[in-house]
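Subject: A structure for you to look at

Hi,

Here's the structure I said I'd pass on. Have it open while you read, and I'll walk you through what turned up.

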Amino acid sequence: MTQSIVDTLSSLKVIPVIQINRAEDAIWLGEILTQNQLPVAEITFRTPAAVKAIKLIHEHFPELILCAGTVLTAQQADMAKEAGASFVISPGYNPSTVDYCLNNGIDIVPGINSPSQIEVALERGLTLVKFFPAEASGGVKMLKALAAPYAQMQFMPTGGISLNNVSDYLAIPQVVACGGSWIATADTIDKQDKETIVNHIQNIHSLLKTHKG
Ligand SMILES: O=C(O)C(=O)C[C@H](O)[C@H](O)COP(=O)(O)O
């Protein structure tokens, strides 16, 4: 993972996790995200439209930080990279997928929720992991306890995060950014409910401004 991507994620602070059913919806979605100063998207491999959606965003919005989520296999990691994703994210730590990515120049942020998994990640030279499922694994309290012994590790908490708890996670120094599907849910995208998505983004900006003091 390049430092400049980590720096951008850390300045944006929130990553919309997106499940897209119609690839063409990626175009107006990319437009909303860039126009509203949240130029970042995790497109999940939960639907057959994922690869095309990644391609469309990469083509139309090259400035947007684009990653692929729910990447479970080496083959999906290859497809994500070919389509234009800058890095891939997985819900868990799959040793063979992680090793494949590391050996093939694909940046991967695997999911972890235990000290043992963090140590496996560290041994592979990884310095950024996803903390998933964040809330169900013990939330902020668990992440603080997990992060403490591993000063060199940074985290992207995801799973159960919303406007109500995102700032508690962001207050942890080792947290780079939080992921969440609440910003653009599959249902909102299907309905092309742009207003709701823009509102969520604006609420995030207002919250982050307040917290910067
Ligand atoms: O690693 C992946 O790609 C995943 O599939 C995990 C997703 O990021 C979460 O499921 C989003 O969590 P919510 O914001 O609670 O909906």
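First, a word you'll need: a residue counts as buried when its relative accessible area is under 20%, and as exposed when that value is over 50%. Keep in mind, too, that this is a predicted model.

With that in hand, take a look at strand E1, which covers residues 14-18. Both of its faces are covered. Val14, Pro16 and Ile18 sit on one side, Ile15 and Val17 sit on the other, and all of them are buried. That makes five buried residues out of five, so E1 is mostly covered.

Now for the sheet that E1 belongs to. Six strands make up an open sheet, and if you go across it you meet them in the order E5-E4-E3-E2-E1-E9, with parallel pairing. At the edges are strand E5 (108-109) and strand E9 (178-180), each of which has a partner on one side only.

Which strands does E1 pair with? On one side there's E2, held in the parallel sense over two bridges. Here Val17 is opposite Glu42, and Ile18 is opposite Ile43. E1 also pairs with E9, again in the parallel sense, over three bridges. In that pairing you'll find Val14 facing Cys178.

At the E5 end of the sheet, strand E4 (residues 87-89) pairs with E5 in the parallel sense over two bridges. Val88 is the residue standing opposite Ile108 there.

Back to strand E2 (40-44). Is it enclosed or open? Five of its five residues are buried, so the rest of the structure largely encloses it. Val40, Glu42 and Thr44 point one way, while Ala41 and Ile43 point the other way. Helix H3 (residues 50-60) lies across E2 and also across strand E3 (65-69), and it runs at about 160 degrees to E2.

Next, the ligand. How many residues surround it? There are 14, and the closest are Arg46, Thr70, Lys130, Gly160 and Ser181. Glu42, which you've already met in E2, has a polar side-chain atom 3.2 Å from an oxygen atom of the ligand. Thr70 uses its backbone instead: an N or O atom there lies 2.5 Å from a ligand oxygen. For Lys130, the side chain has an N or O atom 2.5 Å from an oxygen atom of the ligand. Taken alone, the ligand would expose 410 Å², and the protein buries 84% of that.

Two more residues are worth finding on your screen. The first is Thr158, in the loop between strand E8 (154-157) and helix H8 (166-170). Why does Thr158 count as buried? Because its relative accessible area is 6%, and the cut-off is under 20%. Leaving out residues up to four places away in sequence, Thr158 touches Val17, Lys130, Phe131, Phe132, Pro133, Ala134, Gly179 and Gly180. You'll recognise Val17 from E1 and Lys130 from the ligand's surroundings.

The other is Gln35, found in helix H2 (residues 25-35). Gln35 is exposed, because its relative accessible area is 54% and the cut-off for exposed is over 50%. Its C-alpha atom is 9.5 Å from that of Val198, although the two residues are 163 apart along the chain.

Have a click around, and tell me if anything is unclear.

Cheers

Definitions and conventions
Residues numbered from 1 in each chain as written. Predicted model: local features only at pLDDT ≥ 70, side-chain atom pairs only at ≥ 80, totals over all residues. Heavy atoms only, no water. Pairing = 2+ DSSP bridges. Helix = DSSP H or I, 4+ residues; strand = E, 2+ residues; numbered from the N terminus. Contact = heavy atoms within 4.5 Å. Axes fitted to C-alpha atoms, helices over the stretch in contact; angles between N-to-C directions. Buried < 20%, exposed > 50% of the residue type's maximum accessible area, 1.4 Å probe, protein only. Near = heavy atom within 4 Å. Polar contact = N/O pair within 3.5 Å; in protein donor to acceptor, adjacent residues only side chain to side chain. Areas by Shrake-Rupley, 256 points an atom, 1.4 Å probe, with all protein chains shown as cover.
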